[in-house]
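User: I'm new to this one and would like to know how the labels people put on it are justified. Can you take me through it?

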Amino acid sequence: MVKPVEFTFEETNIDEISTFAGRVAVFVTPEGSLDPAARRVNRLTKGAVARLAEDNLKAGDARVLAYPVGMAAEAVDVICLDRRASIEENRAAGVALAKTRGKAPLLVCVGNNNKAAQIVLGLALRDYRFDAHKTDAEQDDVRTVTVMSSKHEVIEANALPLLAVAEGAFFTRDLVNEPANVLTTTDFADRLVAMGDLGLQVEVLEEDKLAELGMGALLSVGQGSVSPSKVVVMKWMGAGDDRAPLALVGKGVVFDTGGISLKPAGGMEDMTMDMGGAGVVAGTMRALALRKAKANVIGLVGLVENMPSGNATRPGDVVTSMKGDTIEVINTDAEGRLVLCDVMHYAQETFKPSAMIDLATLTGAVIIGLGHDNAGVFSNDDHLCNGFLRAAENEGEGAWRLPLGKSYADQLKSRIADVKNVGGRPAGSITAAEFLHRFVQDGTPWIHLDIAGVAHVKSDTTYAPKGATGWGVLALSRLVQERFEVVEEE
Ligand code: BES
Ligand code: MN
Ligand code: ZN
């Protein structure tokens with residue numbers, strides 16, 4: 001797995017600043033004032049930092065002093081940051097450092113910025129590469145960052161849970177970037193089982209068990225592939241055994257050819273990301289375990305591969321879901337909902353969750369509607385939904401609510417079965433959500449997140465280089481913290 005940057009937190013030490021062989025970063029304000037750490041570097045460089053700071057810098061600007069006199073450093077990065085900078089602006093300063101730094105070790109001198117942990121998070125999130133398959137990559141080139149401050153203990157205590165979340169997002173990105181010949185259903189399950197080391201209870205349900213449970217919808221998707229279908233259950237019980245858990249359910253189609261309703265060749269290679277929902281569930285569970293969240297959360301992923309073959313499901317086939325509803329498969333490329341409906345039903349029957357959130361790269365239509373900036377959000381519960389939307393906004397992860405409604409559900413009426421798996425071209429993302437809605441039990445607050453547009457992108461985003469983004473891990477971790485963690489009694 002790709003390691004996030006390695007951070008150490010230290011007390012400010014002027015000797016170390018002057019002898020540090022690498023890059024040194026300091027912060028100045030738009031008004032041109034220097035924090036205590038920047039003043040020290042300024043003294044070493046005989047006023048060079050102050051001269052830059054007077055140069056009409058705007059918040060967010062970055063300047064470089066190359067080979068500064070009086071220091072061993074190869075460069076000093078001078079970052080302009082407002083004293084009352086928001087979480088977002090502090091993260092952006094970290095992003096700027098991630099971009100300028102190259103390979104040299106970095107010494108970040110943060111003075112008395114009480115949101116310095118957010119700089120660390122921005123730096124960590126943006127400093128990601130996926131070079132597992134580049135033969136010329138230096139595989140164990142772990143980059144080190146030292147954060148120096150007079151309040152280093154406070155900053156470290158604030159940064160560690162944020163770095164846990166960054167590591168969760170990296171886990172998601174690695175899974176989503178991995179090609180389908182490497183990340184088979186078996187390989188995916190193995191990587192989740194390995195998270196048992198972090199204190200998660202991980203269980204793999206194999207095909208015979210899924211058949212016994214009656215998951216005919218999920219199994220119909222994977223039956224054309226040589227890779228066996230699996231459901232993996234990851235439990236994090238950080239709040240004791242008697243609190244109902246939150247259930248997170250993810251679509252894990254390791255490759256989506258469309259099946260017999262085969263997709264066109266152009267762009268089909270992108271369907272390695274069709275396990276993005278399962279990737280976010282896995283990354284969130286990792287983050288919760290790493291930061292030892294005081295919440296009960298159960299992550300469930302349906303892992304299948306959608307392939308055409310002599311044994312594949314045909315358009316027109318009728319399959320029976322675990323719930324008992326029969327489904328006419330009009331289009332074998334609308335497979336994600338067939339996977340999710342069985343895992344969602346199993347999650348509710350088995351764990352009686354207090355709420356359920358599913359994530360899936362479910363429809364191309366959500367990309368037509370919302371592009372790559374916002375995930376589609378659907379919910380039967382305003383309170384839960386508003387909590388999620390606020391968490392996503394605070395984390396800079398775009399999310400936009402779309403409606404549900406009976407007339408959309410009516411588009412799914414089948415002539416011969418209880419329901420069909422596609423509702424025609426109009427409102428394709430909403431009819432997909434209404435298909436899932438059928439499998440949500442009365443009284444279960446539920447959110448469906450259609451992440452087809454945001455899980456994987458073709459150009460760099462604020463916090464990630466192009467490719468997998470890890471969208472959702474930050475927002476879900478925050479939602480768990482705000483809504484599902486037990487608060488210690490005073
Ligand atoms: N995995 C796709 C959706 C998708 C498309 C994800 C583009 C990411 C990028 C999904 O399984 C699918 O094929 N959906 C069909 C549904 C249709 C057949 C009703 C679609 O969106 O075309
Ligand atoms: Mn499909
Ligand atoms: Zn799909």
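User: How many residues does the largest nonpolar core have, and which have the most contacts inside it?

Analyst: Keep in mind that this is a predicted model. Its largest nonpolar core has 89 residues, and F7 and F388 have the most contacts inside it. Helix 6 (residues 152-177) gives the largest share, 10 residues. Both domain 1 (6-150) and domain 2 (167-484) supply at least three residues each.

User: What does F7 touch?

Analyst: Leaving out residues up to four places away in sequence, F7 touches V120, L123, A124, V145, V147 and L163. There is also another core, lying apart from the 89-residue one. That other core has 39 residues, including V233, A247, M322 and Y346.

User: How do you know where domain 1 and domain 2 begin and end?

Analyst: The bounds come from the domain assignment, which gives 6-150 for domain 1 and 167-484 for domain 2. The C-alpha centres of the two are 39 Å apart. Where they meet, 12 residues of domain 1 and 17 residues of domain 2 take part in the contact.

User: On to the metals. Which residues coordinate the zinc ion (ligand 3)?

Analyst: K251 (NZ), D256 (OD), D274 (OD) and E335 (OE) do, at 2.0 to 2.4 Å. A donor has to be within 2.8 Å of the metal, and the distances of 2.0 to 2.4 Å fit that. Along the chain, the spacing of these residues reads K-x4-D-x17-D-x60-E. K251 sits in strand 9 (residues 246-256) and D274 in the loop between strand 9 and helix 10 (276-290), so this pair ties together parts that are 23 residues apart in sequence. K251 and D274 are both buried.

User: Why is the site of the zinc ion (ligand 3) called octahedral?

Analyst: For six donors, that label needs opposite donors over 155 degrees apart and all other angles between 65 and 115. The zinc ion (ligand 3) has 6 donor atoms with angles of 78 to 174 degrees among them, and its site comes out as octahedral. For comparison, ideal octahedral angles are 90 or 180 degrees.

User: What makes the arrangement around the manganese ion (ligand 2) irregular?

Analyst: It's the angles again: the 6 donor atoms of the manganese ion (ligand 2) subtend 70 to 168 degrees, which makes the arrangement irregular. Anything that doesn't meet the listed geometries gets that label. The protein donors here are D256 (OD), D333 (O), D333 (OD) and E335 (OE), lying 2.0 to 2.2 Å from the ion. Their spacing in sequence is D-x76-D-x1-E.

User: What links the manganese ion (ligand 2) and the zinc ion (ligand 3)?

Analyst: D256 coordinates both, and the two ions are 3.1 Å apart. D256 belongs to strand 9, while E335 belongs to the loop between strand 12 (326-328) and helix 11 (336-351), so the pair ties together parts that are 79 residues apart in sequence. D256 and E335 are both buried.

User: Why is strand 9 described as mostly covered?

Analyst: Because buried means under 20% relative accessible area, you can simply count: 11 of the 11 residues in strand 9 are buried. Strand 9 also runs parallel to strand 10 (residues 296-306), with 9 bridges joining them. One place to look is G252, which stands opposite L303 in strand 10.

User: How many residues of helix 15 (residues 428-437) are buried?

Analyst: For helix 15 the count is 9 of 10, and the helix is mostly covered. Among the buried ones are I430, F435 and L436.

User: Why do strand 11 (318-320) and strand 16 (419-420) count as edges?

Analyst: Each has a single partner strand, so one side of each is left without a neighbour in the sheet. The sheet itself is open, with 3 strands in the order 11-12-16 and mixed pairing. Strand 12 and strand 16 run parallel and are joined by 2 bridges. There, I327 has V419 of strand 16 as its bridge partner.

User: How do you know whether I447 is buried or exposed?

Analyst: The cut-off for buried is under 20%. I447 has a relative accessible area of 0%, so I447 is buried. I447 lies in strand 17 (residues 446-450). Among the residues I447 touches are M356, V377, F378, L384 and F388.

Notes
Residues numbered from 1 in each chain as written. Chains lettered and ligands numbered in written order. Predicted model: local features only at pLDDT ≥ 70, side-chain atom pairs only at ≥ 80, totals over all residues. Heavy atoms only, no water. Donors = N, O, S within 2.8 Å, 3.2 Å for Na, K, Ca; no water. Tetrahedral: all angles 85-135°; square planar, octahedral: opposite > 155°, others 65-115°. Helix = DSSP H or I, 4+ residues; strand = E, 2+ residues; numbered from the N terminus. Buried < 20%, exposed > 50% of the residue type's maximum accessible area, 1.4 Å probe, protein only. Core = buried A, V, L, I, M, F, W, Y, C linked by side-chain atoms within 4.5 Å. Domains from an automatic or database assignment. Contact = heavy atoms within 4.5 Å. Pairing = 2+ DSSP bridges.
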